[in-house]
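Dear colleague,

I am handing over the structure below, and I would be glad if you would look through it before reading on. My notes on what was found in it follow directly after.

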Amino acid sequence: MIKLPSDMDPLAAGLLGAIVPIIKDGQTSVVSAMAGFDLTFSQFRILFVLDSEGSDLAVNELAERISLSLPAAGRAVDSMVKMALVSRREDNTDRRVKRIALTAAGSEALEQIGNARRQATERFVKKLNDEERAALTTVVATLSGLTRKYFANSPWAAGKPNGSTESSQ
């Protein structure tokens, strides 16, 4: 159980209390999926940032976004290049700058890690009876609308785990 500050907004506390058990249920699977790729948390964060940005980033930009020193980010990227999770190329305008991009293998790693999260959510939803499903469907529709409104610039604004606006049928 998570300990929340006593001065926390009760609605925020309730929201966290509702979603944290689902997140926690999937954590072991998520960490196992990461371990299957031999990823450190910093490397996972690099994959996540590259996926979120949707474009190549310079090593110094990655280092800044994940709060690593430039040498540490460079070592993490070197290892990930060897694993073929990211690619490295010279910048088109400044050959001293190395641009890092997510590869298909890196996207696949993120997909497999995301699957672990989705499975935890599906385990929860499968336990619900029809009445509970109907009530949760209404709440989720409201919450999705609010997240689209207040996180409009986020890659996940559409309420989809991968930021897609298309339905995945």
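Two helix axes count as roughly perpendicular when the angle between them is 65 to 115 degrees. In this model, which is a predicted one, helix H2 (residues 41-53) and helix H4 (residues 70-82) pack at an angle of about 75°, their axes being 10 Å apart, and H2 and H4 are therefore roughly perpendicular to each other. On the H2 side the residues that meet H4 are Gln43, Ile46 and Leu47, while H4 brings Ala76, Val77, Ser79 and Met80. Sorted by class, this contact of H2 with H4 has 5 nonpolar and 2 polar residues, and no charged ones.

Turning to the strands, there is an open sheet formed by 3 strands in the order E1-E3-E2, with antiparallel pairing. Strand E1 (57-58) and strand E2 (86-90) are its edge strands, each of which pairs on one side only. E2 and strand E3 (residues 98-102) run antiparallel and are joined by 5 bridges, and Arg89 stands opposite Arg99 in E3. Helix H4, already met in the packing with H2, also lies across E2 and E3, running at about 110° to E2.

The loop between helix H1 (10-36) and H2 holds Leu39, and Asp38 lies in that loop between H1 and H2 as well. Is Leu39 buried or exposed? Leu39 counts as buried because its relative accessibility is 10%, where the cut-off for buried is under 20%. Setting aside neighbours within four places in sequence, Leu39 is in contact with Met34, Leu47, Met83, Leu85 and Ile113; among them, Leu47 is also one of the H2 residues that meet H4. Asp38, by contrast, is exposed, with a relative accessible area of 61%.

A note on the backbone may be useful here, since most residues other than glycine have a negative phi. Asp38 has a positive phi, near 60°, and Ser67 has a positive phi too, near 55°. Ser67 is placed in the loop between helix H3 (59-65) and H4, and counts as exposed at 66% relative accessibility.

As to confidence, the mean pLDDT of the protein chain is 87, and 91% of its residues reach 70 or more. Over residues 159-169, however, the pLDDT is below 50, and this stretch has 10 contacts in the model beyond near neighbours in sequence. Where pLDDT is low, the predicted coordinates should not be read in detail.

With best regards

Note on methods: Residues are numbered from 1 along each chain as its sequence is written. This is a predicted model: local features need pLDDT of at least 70, side-chain atom pairs count only at pLDDT 80 or more; totals for chains, interfaces and linings use all residues. Side-chain values use heavy atoms; hydrogens and water are left out. Axes are lines fitted to C-alpha atoms, for helices over the stretch in contact, and angles run from 0 to 180 degrees between N-to-C directions. Helices (H or I, at least four residues) and strands (E, at least two) are DSSP runs, numbered from the N terminus. Angles under 35 degrees count as roughly parallel, over 145 as roughly antiparallel, 65 to 115 as roughly perpendicular and the rest as oblique. Contact means heavy atoms within 4.5 Å. Ala, Val, Leu, Ile, Met, Phe, Trp, Tyr, Cys and Pro count as nonpolar, Asp, Glu, Lys and Arg as charged, and the others, Gly among them, as polar. Two strands pair if DSSP finds at least two bridges between them. pLDDT is the predictor's confidence in each residue, from 0 to 100. Buried means under 20% relative accessible area, exposed over 50%, partly exposed in between (1.4 Å probe, protein chains only).
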